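Biologist: I am new to this structure and would like to learn how to read it, one feature at a time. Where should we begin?

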Amino acid sequence: MASKFQAPRGTFDVLPAQSRARARLQAIATGIFQRAGYETIQTPSFEDTDLFERGVGKSTDIVRKEMFTFEDKGERSLTLRPEGTAPICRAYLEHGMHKLAQPVKLSYVGPFFRHERPQAGRYRQFHQLGIEAIGTASPLADAEVIMLLSDLLGELGVPGVVLRLGSLGSLDARAAYLEELKAHLHRHEGDLTADVRERIDINPLRAFDSDDDGVQGVMASAPTMLESLSDEDAEHFAEVRALLDAAGIGYELDPTLVRGIDYYTRTIFSFVCDTLGAQSEIGGGGRYDGLIEQLGGPATPAVGWAAGIERILLALDEEEPALGRDAFVAIADPEQRGRAMALVTELRNAGFSAEMDLGGRGLKGQLKHADRIGAARVLILEADGSAQLRDMTSGEQRAADTGNLLGEMTGGEA
Ligand code: AMP
């Protein structure tokens, strides 16, 4: 029955069987976020292109190659959001949230769009959930957001998770280090790929992320940011680590850790899962103390992370069982359909899941259908107005009083 139409490359349909696992994930995440005071925010699916060019950074892969950018009818350049932090900072400024009690703690979930080469765990439309704590430079906030992602992955039961931790230092302190790194890269230009070479002066840190053997060789002897942290940045990082140690959260220090977005400063982190193959990062983030200023606001330190819902589900590799139904109301005679509908409604209003046949089946067909959709009980309305309640597991059947339907449903075994 396939038509010539398919979901576009790199996109996918979330079918009901997969929706159940997503719903569980989101319910657990929402509980964790709410208990920690991270209220939900929703921003549009597209923004002015300029927001991402400034926020994410013109030298990043995301902005250079991966944005779905289009012109609207008023010739404004818009972009389907590739990430959530720049839009949230835009909203923070637009709605004067700097006047609220700080930090403003926010959470989000939704679709994001990047024109990447599709493969397992990497899509062109994917879903992220994430949190941001905006308006605090305290290492406590870094530790809190990291702990919440750790809690989420723990509560979901994601196996084989490792937390990698690094620090990029603050923007001013980083400048001297970047000059050192650029000099190192220039000395070894011959061993670099064209892509890394072209970005030596605009984004030298990205060389740490290359999977090319030649580049990796050059980076093995490169100076690292972690060795070059200023006293203040080193102290901040030491406090974050001490807080994680105190909370019993294990991590690996990774002096070469970098992220694909330019706005990060100081703490960065990445949760990876060893069963995921090439796209092993489940979620990650860090501090972005300069972003809000970069977008035209006052200097506002902030920290947050995003996690990929599809990656988490891949790592879990579990199917949620089908939901089943509490009851199915079957009719032996079409004349009973109005009554059936009223009883189904009564059951639903009382909190039971209940259905009736919408397909004109005979009684036998209705019972078969009730079985296929996993109904626990079937109420059969006879032509003479009497009713039977059948337990679908035991097959037992007895007369039922539809005037006391809720009593019949809760009155023990049928
Ligand atoms: P980022 O916004 O790049 O820091 O990514 C945060 C998380 O989003 C990653 O750890 C992944 O889990 C997920 N993610 C990023 N890009 C994709 C993609 N193209 N497809 C699926 N998940 C993605």
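**Reading strands, helices and pockets**

Modeller: Begin with one pair of residues: Leu 389 has Arg 398 in β16 as its bridge partner. Keep in mind that this is a predicted model.

Biologist: What is the general idea behind such pairs?

Modeller: Strands of a sheet pair through backbone hydrogen bonds, and the pairing is either parallel or antiparallel. In this case strand β15 (residues 387-391) and strand β16 (residues 397-400) pair in the antiparallel sense, over four bridges. Another bridge joins Gln 388 to Ala 399 in β16.

Biologist: How many residues lie between the strands of the hairpin of β15 and β16?

Modeller: Five residues lie between them, and Gly 395 in this hairpin takes a positive phi near 80°.

Biologist: Which sheet do β15 and β16 belong to?

Modeller: They belong to an open sheet of five strands with mixed pairing, in the order β13-β12-β14-β15-β16. At its edges stand β13 (354-356) and β16, each with a single partner strand, so one side of each has no neighbour in the sheet. On average, neighbouring strands of this sheet are turned by 25° against each other, with direction ignored.

Biologist: Which helices pack on this sheet?

Modeller: Helix α12 (residues 337-349) packs on the sheet and touches β12 (325-331), β13 and β14 (375-381). The direction of α12 makes about 165° with that of β13. Helix α13 (residues 363-372) also packs on the sheet, touching β12, β14 and β15. The direction of α13 makes about 175° with that of β12.

Biologist: What is the strand order in the open sheet of three strands?

Modeller: The order is β2-β4-β3, and the pairing is antiparallel. Here β2 (46-48) and β3 (69-71) are at the edges with a single partner strand each, so each has one side without a neighbour in the sheet. From one strand to the next, the twist averages 35°. Three bridges join β2 to strand β4 (residues 77-80), and these two run antiparallel. Within that pairing, Phe 46 stands opposite Leu 80 in β4.

Biologist: Let us turn to helices. What should I know in general before I look at one?

Modeller: An α-helix has 3.6 residues a turn, so residues three or four places apart point the same way. Now take helix α4 (residues 85-94), which is mostly covered, with eight of its 10 residues buried.

Biologist: Which residues of α4 are buried, and what do they pack against?

Modeller: The buried residues are Thr 85, Ala 86, Pro 87, Ile 88, Cys 89, Arg 90, Ala 91 and Tyr 92. They pack against β2, α2, β5 (104-113), β6 (125-134) and α10. After α4 comes Gly 96, with a positive phi near 60°.

Biologist: How do I read a residue in a loop? Take Leu 192: is it buried or exposed?

Modeller: Buried means under 20% relative accessible area. Leu 192 has a relative accessible area of 6%, so Leu 192 is buried. Its place is in the loop between α6 and α7 (194-198). Leaving out residues up to four places away in sequence, Leu 192 touches Leu 185, Arg 197, Ile 200, Val 215 and Val 218. Ser 210 is 18 residues from Leu 192 along the chain, and their C-alpha atoms are separated by 9.7 Å.

Biologist: Now the empty spaces. How much space lies in the second largest pocket, and which residues lie nearest its centre?

Modeller: The second largest pocket holds about 410 Å³ of space. Its lining has 27 residues, and Leu 171, Arg 174, Asp 262, Tyr 263 and Tyr 264 lie nearest its centre. By class, the lining has 11 nonpolar, seven polar and nine charged residues.

Biologist: Which helix gives the most to the lining of this second largest pocket?

Modeller: That is α6, with four residues. At least two lining residues come from each of α2 (49-55), α6 (171-187) and α10 (291-294).

Biologist: What lines the largest cavity?

Modeller: Its lining is Ala 21, Arg 24, Leu 313, Leu 316, Glu 318 and Glu 320. Three of these are nonpolar, none polar and three charged. Helices α1 (16-35) and α11 (309-316) each supply at least two of the lining residues. About 50 Å³ of space lies in this cavity.

Key: Residues are numbered from 1 along each chain as its sequence is written. This is a predicted model: local features need pLDDT of at least 70, side-chain atom pairs count only at pLDDT 80 or more; totals for chains, interfaces and linings use all residues. Side-chain values use heavy atoms; hydrogens and water are left out. On a 1 Å grid over the protein atoms alone, a cavity is a set of points where a 1.4 Å probe fits but cannot get out, and a pocket is an open set with protein on both sides within 12 Å along at least five of seven lines; lining residues have an atom within 4 Å of a point. Grid points are joined across faces, edges and corners, and a volume is the space filled by probe spheres set on the points. Ala, Val, Leu, Ile, Met, Phe, Trp, Tyr, Cys and Pro count as nonpolar, Asp, Glu, Lys and Arg as charged, and the others, Gly among them, as polar. Two strands pair if DSSP finds at least two bridges between them. Axes are lines fitted to C-alpha atoms, for helices over the stretch in contact, and angles run from 0 to 180 degrees between N-to-C directions. Contact means heavy atoms within 4.5 Å. Buried means under 20% relative accessible area, exposed over 50%, partly exposed in between (1.4 Å probe, protein chains only).
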